[in-house]
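Work through the exercises below with the model open beside you. Try each task before reading its solution.

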Amino acid sequence: MGYIAIVDYGAGNLMSVHNTLDFLGYDNKVADTPAVIEQASGVILPGVGAFPDAMDALHASGLTDAVLRAAQEKPFLGICLGMQMLFEESDEVRLCKGLGLLPGRIERIRTELKLPQIGWNALDIVRPNAMTQGISSGDYVYFVHSFMACPAQADDLAAVTDYGARVPAMVARGNLFGCQFHPEKSGKVGLRMLQNFAKLTEVDK
């Protein structure tokens, strides 16, 4: 059995993801070299903080090329800011280019409710995919964010949530997935999603 690489570029909530995968019984490694990413059966890109800081840290780590290759070749999951980094650009703090794996951009949530959105909110699954197997619309997951993805292609949008506005909660295209929420902090629903992702890495091994 292969392992899941959790990308360590100095700006992610990687230990909570690592501990959750351990709990589920899936081999995983914190990846701070390209080789660990390249040899993995699947890759998770976590992220917390501001978009430009995270992109700068990823480039400084020397892991960008390995991350881009992995996203083309194997099951790949971006979590929270890690999901936002999959897109072309963000206007958080300043205009900043992302990884460009999905067309679209990151913008501040247009809502009259208080930002950041912190807490549990319900999913509305608009396009079922491998990670949402066993998950239903109305299931609750945990969010912490002020910015949201604006996918350029509607087919990339997998789930939304309502926070005084229609906020993209999940994206999916082929082997590429992104969760705006934190599955590792979302109880049984999040555990099921991470288990679904981990199973994809077994199939592709």
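## Exercise 1: the four-stranded sheet

Start from one residue pair: in E11, Arg-105 has Cys-150 as its bridge partner. This is a predicted model, in which local features need pLDDT of at least 70, side-chain atom pairs count only at pLDDT 80 or more, and totals for chains, interfaces and linings use all residues. Residues are numbered from 1 along each chain as its sequence is written, and side-chain values use heavy atoms, with hydrogens and water left out.

**Task.** Build the sheet outward from this pair and give its strand order.

*Solution.*
Step 1. Fix the terms. Strands (E, at least two residues) and helices (H or I, at least four) are DSSP runs numbered from the N terminus. Two strands pair if DSSP finds at least two bridges between them.
Step 2. Take E7 with E11. They pair in the antiparallel sense, over five bridges.
Step 3. Move to E5. E5 and E7 pair in the parallel sense over three bridges. Here Ser-90 stands opposite Ile-106 in E7.
Step 4. Add E6. Two bridges join E5 (residues 87-90) to E6, and these strands run antiparallel. Ser-90 has Cys-96 as its bridge partner in E6.
Step 5. Write the order. The sheet is open, has four strands and reads E6-E5-E7-E11, with mixed pairing. Its edge strands are E6 (96-97) and E11 (147-151), each pairing on one side only.

## Exercise 2: Cys-96 and its surroundings

**Task.** Is Cys-96 buried or exposed, and which residues does Cys-96 touch?

*Solution.*
Step 1. Set the cut-offs. Buried means under 20% relative accessible area, exposed over 50%, and partly exposed in between (1.4 Å probe, protein chains only).
Step 2. Apply them. Cys-96 has a relative accessible area of 8%, so Cys-96 is buried.
Step 3. List contacts (heavy atoms within 4.5 Å). Leaving out residues up to four places away in sequence, Cys-96 touches Phe-51, Pro-52, Met-55, Glu-88, Glu-89 and Ser-90.
Step 4. Follow the contacts to H3. Phe-51, Pro-52 and Met-55 are among the buried residues of H3. E6 is one of the elements that cover the buried residues of H3, and E1, H4, H5, E5 and E7 are also included.

## Exercise 3: the nonpolar core

**Task.** Which helix gives the most to the largest nonpolar core?

*Solution.*
Step 1. Define the core. A nonpolar core is a set of buried Ala, Val, Leu, Ile, Met, Phe, Trp, Tyr and Cys residues joined through side-chain atoms within 4.5 Å.
Step 2. Size it. The largest has 36 residues, and Val-7, Tyr-9, Ile-37, Phe-76 and Met-85 have the most contacts inside it.
Step 3. Assign the elements. Those supplying at least two residues each include E1 (4-7), H3 (51-61), H4 (64-73) and E7 (102-108). H3 gives the most, with five residues.
Step 4. Check E7. Five of its seven residues are buried.

## Exercise 4: the largest pocket

**Task.** What lines the largest pocket, and how do the lining residues divide by polarity?

*Solution.*
Step 1. Define a pocket. On a 1 Å grid over the protein atoms alone, a pocket is an open set of points where a 1.4 Å probe fits, with protein on both sides within 12 Å along at least five of seven lines; lining residues have an atom within 4 Å of a point.
Step 2. State the volume (the space filled by probe spheres set on the points): about 150 Å³.
Step 3. List the lining: Gly-47, Val-48, Gly-49, Cys-80, Leu-81, Gln-84, Glu-92, Val-144, His-145, Ser-146, Phe-147 and Gln-180.
Step 4. Sort it. Five are nonpolar, six polar and one charged. In this scheme Ala, Val, Leu, Ile, Met, Phe, Trp, Tyr, Cys and Pro are nonpolar, Asp, Glu, Lys and Arg are charged, and the others, Gly among them, are polar.

## Exercise 5: backbone outliers

**Task.** Where does Cys-80 lie, and where is Val-93 found?

*Solution.*
Step 1. Recall the background. Most residues other than glycine have a negative phi, and most peptide bonds are trans.
Step 2. Take Cys-80. Its phi is positive, near 55°. Cys-80 lies in the loop between E4 (76-79) and H5, and is buried at 7% relative accessible area.
Step 3. Take Val-93. Its phi is also positive, near 70°. Val-93 is in the loop between E5 and E6, and is exposed at 70%.
Step 4. Add the cis bond. Leu-115 and Pro-116 are joined by a cis peptide bond, with omega about 5°.
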